[in-house]
Amino acid sequence: RTHDVHFADGKVYFTIEGYKSIGRYDPSTDEIDWTLGIGQDGTHLLVRHPETDTWFMPNTGSNSVTMAENISAGPSQATLTVIPVPGELPEGIDVSPDGREVWTATRNDGGVSIIDVETRQVVQTLNLGMKDANRLKFTPDGRVLIIDGEAASLIVIDAVSRQEIKRVTLDSVDTGDGAVLVSPDGTHAYLGLRAVDRVAV
């Protein structure tokens, strides 16, 4: 049950849900050079703050987020912190551009949990009334984009005020599990709408 992949510093990191683990693949040697046990159910996605080399993983079956520090040095040097999330089924996740906050959308209750990275705990929850929030991404200027698949909409949040800016209708039917990519200059977001076989820009 490999699920997500992330390319960093010439290596490919990936989740291994069935073994409650993550792994790293080295393209130069064509080998998986290590795996690291997370010990939580459903380690699903990977996000990284490049300046601090700190990684975050939502664990869908354990209602938690794992914070992993120094994993680039290998499993023996890594430090893991498990952060409980009050919502149900955290999935969509991203770290703020300044590295101070992690936001995760809790898919089964339509909310968002906001983690303070320094204190390593949830400091606020937002009840956004979403039906099926499954992907979440920051923009460079501090907005948060959340795909609500069942509602076929995109929710735009101001990260500082925590206020909803708008909801954009993406289709007239359930768009299913999605994906969000934000261009480096922040001018465009690309939304993969799996159930309707489209990309919305």
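This report describes strands, turns, buried residues and salt bridges in a predicted model.

## The sheet from β1 to β4

Four strands make up an open sheet, ordered β1-β2-β3-β4 and paired in the antiparallel sense. Its edges are formed by β1 (2–8) and β4 (31–37), each of which pairs on one side only. On average, and with direction ignored, neighbouring strands of this sheet are turned by 20° against each other.

The antiparallel pairing of β1 with β2 (residues 11–16) comprises 5 bridges. Within this pairing, Phe-7 has Val-12 in β2 as its bridge partner. The loop between β1 and β2 contains Asp-9. The phi angle of Asp-9 is near 50°, a positive value in a residue other than glycine. Asp-9 counts as exposed because its relative accessibility is 64%, and the threshold for that class is over 50%.

## The sheet from β5 to β8

A further open sheet holds 4 strands in the order β5-β6-β7-β8, with antiparallel pairing. Here the edge strands are β5 (47–49) and β8, each pairing on one side only. The average turn between neighbouring strands of this sheet is 20°, direction ignored.

Strands β6 and β7 run antiparallel and are joined by 6 bridges; Phe-56 stands opposite Met-67 in β7. Asn-63 is located in the loop between β6 (54–59) and β7. Its phi is near 50°, again a positive value in a residue other than glycine. With a relative accessible area of 27%, Asn-63 is partly exposed.

## A buried isoleucine in a loop

Ile-71 belongs to the loop between β7 (64–69) and β8 (79–84). Is this residue buried or exposed? Ile-71 counts as buried, because its relative accessibility is 0% and the class requires under 20%.

Beyond its neighbours within four places in sequence, Ile-71 contacts Tyr-13, Ile-22, Trp-34, Leu-36, Trp-55 and Ala-78. Among these contacts, Tyr-13 falls within the residue range of β2 (residues 11–16), Trp-34 and Leu-36 within that of β4 (31–37), and Trp-55 within that of β6 (54–59). A separate distance concerns Ile-38, which is 33 residues from Ile-71 along the chain; the C-alpha atoms of the two are separated by 12 Å.

## Strand β18 and its neighbours

Strand β18 (residues 189–193) includes Tyr-190. Side chains alternate along β18: Ala-189, Leu-191 and Leu-193 point to one face and are buried, whereas Tyr-190 and Gly-192 point to the other and are not. Tyr-190 is partly exposed, at a relative accessible area of 37%. Together with Leu-181, Val-199 and Val-201, Tyr-190 makes a nonpolar surface patch of about 430 Å².

Strand β17 (residues 178–182) runs antiparallel to β18 and is joined to it by 5 bridges. These two strands form a hairpin with 6 residues between them, and Gly-186 in the turn has a positive phi of about 75°. The pairing of β18 with β19 (residues 198–200) is also antiparallel and has 3 bridges. In that hairpin, 4 residues lie between the strands, and Asp-197 adopts a positive phi near 55°. Leu-191 has a residue opposite it in each neighbouring strand: Val-180 and Ala-200 in β19.

## Salt bridges

The structure contains 16 salt bridges. One of them links Asp-53 to Arg-48, with 3.0 Å between the closest N and O atoms. Both Asp-53 and Arg-48 are buried.

Glu-91 takes part in two of the pairs described here. The side chains of Glu-91 and Arg-107 meet at 2.8 Å, N to O. Because Glu-91 lies in strand β9 (residues 90–95) and Arg-107 in the loop between β10 (101–106) and β11 (111–116), this pair ties together parts 16 residues apart in sequence. Glu-91 is buried, with a relative accessible area of 4%, and Arg-107 counts as buried at 15% relative accessibility.

The side chains of Arg-135 and Glu-91 also meet in a salt bridge, again at 2.8 Å, N to O. This pair links distant parts of the chain, with Arg-135 in strand β13 (residues 133–138) and Glu-91 in strand β9, 44 residues apart. Arg-135 counts as buried, at 15% relative accessibility. A network of salt bridges links Glu-91, Arg-107, Asp-132, Arg-135, Asp-177 and Arg-194.

How values were computed: Residues are numbered from 1 along each chain as its sequence is written. This is a predicted model: local features need pLDDT of at least 70, side-chain atom pairs count only at pLDDT 80 or more; totals for chains, interfaces and linings use all residues. Side-chain values use heavy atoms; hydrogens and water are left out. Patches are made of residues with over 30% relative accessible area and no salt bridge: like charges are joined within 9 Å, nonpolar side chains (Val, Leu, Ile, Met, Phe, Trp, Tyr) within 5 Å. Accessible areas come from the Shrake-Rupley method with a 1.4 Å probe; for residues, only the protein chains shown count as cover. A salt bridge is a side-chain nitrogen of Lys or Arg within 4 Å of a carboxyl oxygen of Asp or Glu. Buried means under 20% relative accessible area, exposed over 50%, partly exposed in between (1.4 Å probe, protein chains only). Two strands pair if DSSP finds at least two bridges between them. Axes are lines fitted to C-alpha atoms, for helices over the stretch in contact, and angles run from 0 to 180 degrees between N-to-C directions. Contact means heavy atoms within 4.5 Å.
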